[in-house]
Structures are given as C-alpha cells and as structure tokens.
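Thank you all for coming. I would like to walk you through one structure this morning, taking it part by part, so please keep the picture in view while I talk.

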Amino acid sequence: MSELNQQMIEQYRTRFLQEVEANVEEGEWVKMCMQCGVCSGSCPLGKHWAHPPQEIFMMIRAGKREEVLTSDSMWMCTSCYNCIVRCPRGLPITHIMHGLATYAKRLGLAPKNQPTAKFAQLFWDNLVKKGRVNELKLGLSLYFMNGFGEGIKVAMKQQAIGLGMLRTKRMNPMEVVGGHAVKDLDGFHKMIRKAQELEDARIKQNAG
Amino acid sequence: MTEVIATNETILVVGGGISGMTAALEAAETGKQVVLLEKRPYLGGRVSQLYKYFPKLCFPTCGLEINQRRAKMNPALRILTLAEVTSVEGEPGNYRVGVHISPRYVKENCTACGDCERAVSSEFDDEFNYGLSKRKGAYLPHRMAHPLRYVLDPRIIGSEDAEKAKAACKYDAIDLDDSGEDLTLNVGAVIWATGWQPYDANRIQPYGYDRIANVITSVEFERMADPSGPTGGRLIRPSDGKEARNVAFIQCAGSRDHNHLLHCSRICCMATLKQTTYVADAWGDDADISVYYIDIRAIDRFEDFYAKVRETTRARFIKSKVAKIEENKANGNPVLHGVDTEGYHRYANEHDLVVLAIGMQPSVPSDQFPVKLALNEEGFIEPAPENGAIFAAGVASDALDVNRAVQHATGAALKAVQVVNRVAGQEA
Ligand SMILES: Cc1cc2nc3c(=O)[nH]c(=O)nc-3n(C[C@H](O)[C@H](O)[C@H](O)COP(=O)(O)OP(=O)(O)OC[C@H]3O[C@@H](n4cnc5c(N)ncnc54)[C@H](O)[C@@H]3O)c2cc1C
Ligand code: SF4
Ligand code: SF4
Ligand code: SF4
Ligand code: SF4
C-alpha cells in the first residue's frame, strides 16, 4: 500500500465521501445521486460488473473506501455515455467513474492486470511521448498486451482493418520507427509537467 | 352578441377547472361581479376526467355538481365557455382584457336531445377520453357537462354533416353561421386558474409510449377505470382487449428529471396508490400489482392512505426507476428492465399493462401567456408583486391536489376581492 494512501486514510478517516469530493474529478457530484437506478439499468456492460455506478455512489456514501477503490467496476466503463444522457439528476457519471479509476491508481489500489487499466497506461505513455497518439505503436503494444502468441492471433484477425487504414493513409507504417510529434513537443511536455505539478500539489495538500 | 357587464369592480377568472370555479364562486358569493372564462366547451377541467378522488375514493362528480348548482344560483357570476384571453393591458384596479370566443354553433336553447349526434356520421378522437375512443362531429363533451349543451366540431362546418345536424334539430338550436366573437372586458383584478396538462409521454423515449400499445399514461387509466369511460370501466389492454390483471405503475414518468420536468409533480404517488385500488377492485385476489418508484411521496395525512393501500391491494413496491421498456412481440407484454436499489438486482419483468404516472406541467407554456407574468423555472406563476392584481389559483401556481388547489383558489379570491374593494373605496 502506498504512502499516499496511508496519508489519505489518516486525513479523512471515515469521511470517504469528503475524500472523494476533494480528490476525485467531478467527485462533488456524488452526493447529488438519488439512487434511482437508471444509470445501472442503462449501462450496456453493467451486468458484467461487480458494482454498477449507482451502487458505487451508495458505497462511497456508506464509507466503503477499500471496496470502492480496489473495485474493477470503474475500469470497465467504456465511456458510452448512456448513463450521463439518462441520469435524471445530470450527474457526469462517466467522468466520475474515470475520476475514481485515476484516483485509485494514484493511491496504488487499482486492480493489477486489469485490461482497461493496462490499455489506459499504454495510451497515456504513447500520448505523452509525442503529444499525439501513434496509432500503429499503440495498436501493436495492445496486440501484445496479453503476450506475444496471443498478439499474433489478434493481429491476424485485425489485419483487414489495419491494411485498410494503411491504404487510406490513416496509418503510416513509418511511424513505427519514430512517429511524428506535435509541432511544439517541448511546450507540450512543459504543459503536461505543469498539469501534473498542479494535480500533485492539490492531492498533497489534501493529504495534509 | 354576448352581453357582459364588466367594470373595474369586476373580477375576471381565467380557467374553469375546480380552482377557477372555486375562486369565481367564492368571489361572487361575497357579492362581487365575476366573469369566468373557460377554453373548453364545459366547466370542471381535468377533475371531470378522473374516476375517483384520493384519499376518500369518492367521485369527483359530486363536488362538481355542488359547484355547478352554486354557479347556477348566483346572478353575479357570468360564465363564458370556449373563451380565451388574447390580451391584457392596464394596472391593478383597471385592466382591459381582450377575449376571443370560438364558435360553438349551438345556441342556448339546445335541450341536449342528441338528435344532431345521431344524424352525423363523421368521427374524431374523443379528447375527453384522451383519444382512447371516438366521438361524433356533433357531440356532448361528456355525460355531466355543464353547460349541458351540444357542440359542433369546427371540422364538420361546411360539410354535409353540418347540414344534416342542422336539419335534425327540432328546436332550431344550431347556427352554422356562428363565427365566434371578440370582446373587451374592463376588470379590476384577474385570477389565473388555467391548470395543467400531462407531460408528453412520447418524449420519454426509453419507455416506448409511442411504440408499445400496452404502455399507457395515468390520465388514460383514469378514463379506463370509469364505467362511463371508453372501455365501460373494464381494465383491458389496448393491443388485444385482454384483461389487464398484472399491472405495473412507473412513478416519476417525466418528473424529477433534468431531461424532462425538473419538479416533483406531487400528486402522482397518491394517484398511483389510488389507481392500485382500481386494479384490486377489478380482479380481487387475481390482481397482481407492481409499483416502480424512487421514493413514495405521500405527505402528512396521506401516510395513512399509503399504509391502507399497501395492505388492501397487496401491491409490490420495487425501489427502482425503470431504465427501459421493451415489448415481448409474441404476447404484446411490456418488459421492464432496470436495477433494483434494494440489493442491486437486475430485472426484466413482464406485465400485461404498464401505467406511466405522468408528470403535471402548466397548461399554458411560458412563452404563450397573453401578459407578462413572473413565472418560476418550471413555468408556474409566482406570487410576485410585479404581477399586480393578476393572481394565480390552483395548479397554475404549482402541482397541487384538489384539496390544496381549492384552498389556494380561495386565497386568490380573497386577494382579488381586496383589490376591487380598494377600487370601490376610491370611487365612493
Ligand atoms: C392521473 C391523475 C390523477 C389525479 N387524481 C387526483 C385525485 O384523486 N385527487 C386529487 O385531489 N387530485 C388528483 N389529481 C390532481 C388534480 O387533477 C388537480 O389537482 C386538479 O385538476 C387541479 O385543478 P385546476 O382547476 O387547478 O386545473 P385544471 O383541472 O387543469 O383546470 C384548468 C382549467 O382551465 C382551462 N384552461 C386552460 N388554459 C386556458 C386558457 N388559456 N384560457 C381559458 N381556460 C383555460 C382548462 O380547460 C381547464 O378547464 C390527479 C392528477 C392526475 C394527473
Ligand atoms: S441515474 Fe443518476 S441519480 Fe440515478 S442512480 Fe444513477 S447517478 Fe444516481
Ligand atoms: S459510460 Fe460507462 S458507466 Fe456509463 S453507461 Fe457507459 S459503460 Fe456504463
Ligand atoms: S343541438 Fe338540437 S338536436 Fe342537437 S342536442 Fe341540441 S337540441 Fe338536440
Ligand atoms: S409525486 Fe411521486 S411519482 Fe410524482 S413526481 Fe413526485 S415522487 Fe415522482
């Protein structure tokens, strides 16, 4: 368990709702949930999860910190936005789910070997390097996420799409060796660093 | 020509539902001159379309009858039906109000014999039954209509049916040249009692009201339960006429939802509890009733009603806002999908018939008032000083049940009386 996690536990103790409000993106919306269930009922993937969004919000209010932050539910969200469109109270549910996932990861509580978490990390690393997503590299690393043999199998299946993308110039095969970057790559990196600093400072302050 | 004597000591009441009738009678019985305008061809408004009243489960007709008798006896009250306000100018104690009266084509000497109705053949959706049945082009809006006078649908004017109706009338009560009228009234105060309309169920897309025959609204269910209604009081499915024993109610349909109406419509929990008794009364032990809800709002004295209904109807209460309704194509059953808050179980429940406890919204849209009034976010009239001597009564001010609407209307009458008394005092 991370040091930051320990600090947060000491700082907030049983006040998990406040912890979420202060540290999770859009977390201040959680208390607006009226437990109607429409989000859970509208979530196309919800039946495969341990805890649908409505339940997660109730668990936050009930102070089930450990259960919420180690859950893989929020990692299952595909950002389809069905829930946001339907929520009678206008909660930005998708964003809260992602916010919770990010916070859990920061505290080192995110489930290990969760495919979405891995994908998110690959996507992020890929993005930060050049300031844009290198589809070819991201694609390749994704295929091989589950090991080399599996990757070949998946790649064979996806071949048609990949070739199509090459033909229509949506993907450049040369990108694999360098990949082009945003115009002001330096500036981009500075920007990311600054955002990270601000975020770290906020969390640190909350950690007391 | 309609003779209306109106001075700046006259009180104008717009809307002849239970609230407008109450306000008009209360004011007239203090001796004030009152003019009551109603857009429909008859008085009573939405309560005339209800089968029973909660919480006593008595019939609305008896209360309406008493009011109609009071109205008939009072010479200070002038009632104009098929009438709407087109403009309002002036200030408290001195308003000039433009009124448009649509043609009825039937004069006051109509005896309601029904010969014209039998003579015509054209049919239209019956608005009194929310389109669940048809009515003729010459019709009495409903059995208990006040005034008890026939109406010709303007859509038959110029057709053969219009001539047939005229020829059938032994009393020469039909005037096909009636072209309506425009009046200007001088009044001291205005009571605005235009009430509500059901929220448009088609806009709640996931509930499939427009696609699934056996999904209906609570206002339609009231008509269905009424023995003089479109099904003769039988609770049957629109798709195949099969008896509806397994009935589900969905609460907050269109209310408490930032995609629809933000407010709680306040009466629909009680209306559903009442309607579960219709199902239980119809089928006894064979009734199978489910209520899907967020929370049941049966406030203060209604708590007893809730407890009693729960016990007698043995309705199942499921704490969940239904996410979507699909149709089982094989049998026409609506299938309700959602997650139950008590235990977070995912369900897919089939029912014979689904009733949407539809929300109430102001009958006059915010941008269609003939005079600028202070409205709240939901379009209900605020008790604001800038509204001068224009006072809201009943559901025009907020979603209210009949008891509260009537109390509110009495308050509005008192305010209007005070204004015209002030005018009288200055002139004396
Ligand atoms: C399904 C359902 C069941 C209900 N059951 C009950 C119950 O059991 N008990 C209970 O207490 N309450 C019940 N209610 C609530 C009840 O219907 C209202 O409290 C009542 O109708 C309020 O009366 P009102 O006069 O304020 O409005 P309305 O009944 O809407 O009357 C307004 C009148 O104004 C007229 N009008 C509208 N616009 C204009 C205009 N521009 N110019 C002139 N006239 C106009 C209308 O034609 C109408 O006649 C129920 C509501 C619903 C939805
Ligand atoms: S739809 Fe909105 S209000 Fe309803 S349970 Fe989900 S988050 Fe809460
Ligand atoms: S955005 Fe995420 S939580 Fe919302 S409905 Fe889609 S998958 Fe479910
Ligand atoms: S209009 Fe004439 S025919 Fe029709 S109901 Fe009245 S009196 Fe009878
Ligand atoms: S009265 Fe009941 S059904 Fe109607 S909006 Fe309020 S909570 Fe929902």
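**A walk through chains A and B**

Let me begin with K31(A), which sits in the loop of chain A that runs between α2 (16-23) and α3 (38-42). Before I go further, please keep in mind that what you are looking at is a predicted model. K31(A) has a relative accessibility of 45%, and therefore counts as partly exposed. Setting aside residues up to four places away in sequence, K31(A) touches L17(A), E21(A) and R61(A), and the side chain of K31(A) also reaches the backbone oxygen of E28(A) at 3.3 Å. If you look for K47(A), you will find that K31(A) and K47(A) are 16 residues apart in sequence, while their C-alpha atoms are 24 Å apart in space.

Stepping back to chain A as a whole, its secondary structure comes to 11 helices and 0 strands. Chain A has 208 residues, of which 38% count as buried. Among the contacts in chain A with a separation of 6 or more, 68% are between residues 24 or more positions apart.

Chain A also supplies the surroundings of ligand 2, where the shell includes C33(A), C36(A), C39(A) and C87(A), along with others such as F57(A) and P88(A). What kinds of residue make up that shell around ligand 2? They divide into 9 nonpolar and 3 polar residues, with no charged ones.

Now let us turn to chain B and to ligand 1, which is surrounded by 35 residues, the closest being S19(B), E38(B), F54(B), K274(B) and L400(B). For E38(B), an N or O atom of the side chain is 2.6 Å from an oxygen atom of ligand 1. Two backbone approaches can be added to this picture: a polar backbone atom of R46(B) is 2.9 Å from an oxygen atom of ligand 1, and a backbone N or O atom of V395(B) lies 3.0 Å from an oxygen atom of ligand 1.

K274(B), one of those closest residues, brings us to a salt bridge, since the side chains of E222(B) and K274(B) meet at 2.8 Å, N to O. E222(B) belongs to helix α5 of chain B and K274(B) to helix α6 of chain B, so the pair ties together parts that are 52 residues apart in sequence. Both ends of this bridge count as buried, E222(B) at 3% relative accessibility and K274(B) at 2%.

How many residues of helix α5 (residues 218-225) of chain B are buried? The count is 8 of the 8, so this helix is largely enclosed by the rest of the structure. The buried residues of α5(B) pack against several elements of chain B, including β14 (246-253), α6 (268-283) and β20 (353-358).

Ligand 5 has a shell in chain B that includes C252(B), C264(B), C268(B) and C269(B), as well as R256(B), R266(B) and D295(B). The elements that give two or more residues to this shell are β14 and α6 of chain B. Here the shell divides into 5 nonpolar, 3 polar and 4 charged residues.

Over all chains, the structure holds 28 salt bridges, and I will pick out two more of them. In one, the side chains of E127(B) and R135(B) meet at 2.7 Å, N to O; E127(B) is partly exposed, with a relative accessible area of 46%, whereas R135(B) is buried, with a relative accessible area of 7%. In another, R316(B) pairs with D288(B), the closest N and O atoms being 3.0 Å apart. R316(B) lies in strand β16 (residues 316-319) of chain B and D288(B) in strand β15 (residues 288-293) of chain B, so this pair ties together parts that are 28 residues apart in sequence. Returning to E127(B) and R135(B), salt bridges that share partners join them with D153(B) and R155(B) into one network.

Let me finish with a charged residue that has no such partner. D340(B), in strand β18 (residues 333-340) of chain B, is buried yet has no salt bridge. Where, then, is the nearest side chain of opposite charge to D340(B)? That side chain belongs to K319(B), and it is 8.4 Å away. Leaving aside neighbours within four places in sequence, D340(B) is in contact with I318(B), K319(B), S320(B), H345(B) and Y347(B).

Note on methods
Residues numbered from 1 in each chain as written. Chains lettered and ligands numbered in written order. Predicted model: local features only at pLDDT ≥ 70, side-chain atom pairs only at ≥ 80, totals over all residues. Heavy atoms only, no water. Near = heavy atom within 4 Å. Nonpolar A, V, L, I, M, F, W, Y, C, P; charged D, E, K, R; others polar. Helix = DSSP H or I, 4+ residues; strand = E, 2+ residues; numbered from the N terminus. Buried < 20%, exposed > 50% of the residue type's maximum accessible area, 1.4 Å probe, protein only. Lys, Arg positive; Asp, Glu negative; His and termini not counted. Salt bridge = Lys/Arg side-chain N within 4 Å of Asp/Glu carboxyl O. Contact = heavy atoms within 4.5 Å. Polar contact = N/O pair within 3.5 Å; in protein donor to acceptor, adjacent residues only side chain to side chain.
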